[in-house]
Amino acid sequence: MIDIRKSADRGYFDHGWLKTYHSFSFADYYDENHMGFRTLRVINQDVIRPEYGFGMHPHRDMEIITVVISGALTHKDSTGTEAIIRPGDIQRMTAGQGIVHSEINESESEPVHLLQIWILPDEQGRQPEYEQKTFSPSGKENRLRLIASPDGRDDSVTIHQDVLLHESVIQEGIVLSYDFGDRRFGWIQLLSGKIEVNGHRLEAGDGASISGESRVDITGMADSEFLLFDLD
């Protein structure tokens, strides 16, 4: 079964400095029918205006992945890490037993467009960690590039949960296929363009949960970029 989560049906808030869409219940947005999917707890699509951002704030026991679509995001945290996240970069932060961090758009003119993803960890109370890697556009072109995994295989970032996260930039007319293992589930989040997943049409901002499907065929209906989660 493939269940489409339309972009327009997500929670939406305009805070002036932040425009944000929530695929699942988050903060002031509550939807008992969309509390997450498997271990995938949060997918927030944020646009942060220049010279604004999230000041220092705490998290615990969550695997947090940040994908920047455009612009640049400055990260600082209580482990002493300071980094700039740009398109092509994947940031993984293990909040574990407690971490405090900030994410700021330091540009004077350009907004930052990003996805922040939260995944429930395989165990609580881990030591906080930070990891960031850059993935070339060519490595994602018309293929599924693994960007996060539980064992860091294929030079992906290491996430403390049984999740495989792939990213792809697919051209119109290209078909990519993915086989799920026994009793595995999937989620696709479309960042841009249009695709079909086993005949179901998705447009930019749409997501789709995948249950009971051993294989998906993903067709580019336009030049598109998407994430594919393989979940326990």
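Begin with the whole surface: the protein chain exposes about 10,400 Å², and carbon and sulfur atoms supply 45% of it. Accessible areas come from the Shrake-Rupley method with a 1.4 Å probe, and for residues only the protein chains shown count as cover. The structure is a predicted model, in which local features need pLDDT of at least 70 and side-chain atom pairs count only at pLDDT 80 or more, while totals for chains, interfaces and linings use all residues. Residues are numbered from 1 along each chain as its sequence is written, and side-chain values use heavy atoms, with hydrogens and water left out.

**The chain as a whole**

Switch to a cartoon view. The protein chain has 22 strands and zero helices; both are DSSP runs numbered from the N terminus, a helix being H or I over at least four residues and a strand E over at least two. The radius of gyration is 17 Å, close to the 17 Å that the globule rule gives for 232 residues, so the chain is as compact as a globular protein of that length. This radius is taken over C-alpha atoms, and the globule rule is 2.2 Å times the number of residues to the power 0.38. Along the principal axes, the C-alpha atoms fill a box of roughly 45 × 40 × 40 Å.

Of the 232 residues, 50% count as buried. Buried means under 20% relative accessible area, exposed means over 50%, and partly exposed lies in between (1.4 Å probe, protein chains only). Among contacts (heavy atoms within 4.5 Å) between residues at least 6 apart in sequence, 69% join residues at least 24 apart.

**The nonpolar cores**

Next, select Leu40, Ile65, Ile117, Ile119, Trp187, Phe229 and Leu231, the residues with the most contacts inside the largest nonpolar core, which has 23 residues. A nonpolar core is a set of buried Ala, Val, Leu, Ile, Met, Phe, Trp, Tyr and Cys residues joined through side-chain atoms within 4.5 Å. Strands that each supply at least two residues of this core include E4 (40-48), E6 (63-70), E11 (112-119) and E22 (224-231). Apart from this core lies another, of 19 residues, among them Ile2, Ile170, Ile195 and Val197.

Centre the view on Ile65. Not counting residues up to four places away in sequence, Ile65 touches ten positions' worth of side and main chain that can be selected together: Ile90, Gln91, Arg92, Leu115, Gln116, Ile117, Ile119, Ala148, Ile159 and Leu165.

**Aromatic rings**

Now display the rings of Phe, Tyr and Trp. A search of the whole structure finds seven aromatic pairs. The rings of Tyr12 and Tyr21 have their centres 4.6 Å apart and their planes at 40°, so this pair is tilted. Rings, with Trp represented by its six-membered ring, pair if their centres lie within 6.5 Å; planes under 30 degrees apart count as stacked, over 60 as edge-to-face and the rest as tilted. Tyr12 counts as partly exposed at 39% relative accessibility, and Tyr21 counts as partly exposed at 29%.

Move to Phe24, Phe37, Phe185 and Trp187, which ring pairs link into a cluster. Add Arg38, which lies over the face of Phe185 at 3.9 Å from the ring centre. A charge sits over a ring if NZ of Lys or CZ of Arg is within 6 Å of the ring centre and within 35 degrees of the ring normal.

**Loops**

Select Pro121, in the loop between E11 and strand E12 (129-134). Pro121 counts as buried, at 17% relative accessibility. Beyond four places in sequence, Pro121 touches Asp61, Met62, Glu63, His160 and Gln161.

In the loop between E11 and E12, find Gln127, which counts as exposed at 53% relative accessibility. Leaving aside neighbours within four places in sequence, Gln127 is in contact with Thr94 and Gln97. Gln127 and Thr94 are 33 residues apart in sequence and 7.6 Å apart in space, C-alpha to C-alpha.

Arg60 lies in the loop between strand E5 (53-59) and E6 and is exposed, with a relative accessible area of 53%. Arg60 is in contact with Ala95, Gly96, Gln97 and Gly98, its neighbours within four places in sequence left aside.

Finish with two backbone positions. Asp155, in the loop between strand E13 (145-149) and strand E14 (157-158), has a phi near 65°, a positive value in a residue other than glycine. Arg183, in the loop between strand E16 (175-179) and strand E17 (185-192), has a positive phi of about 60° although it is not a glycine.
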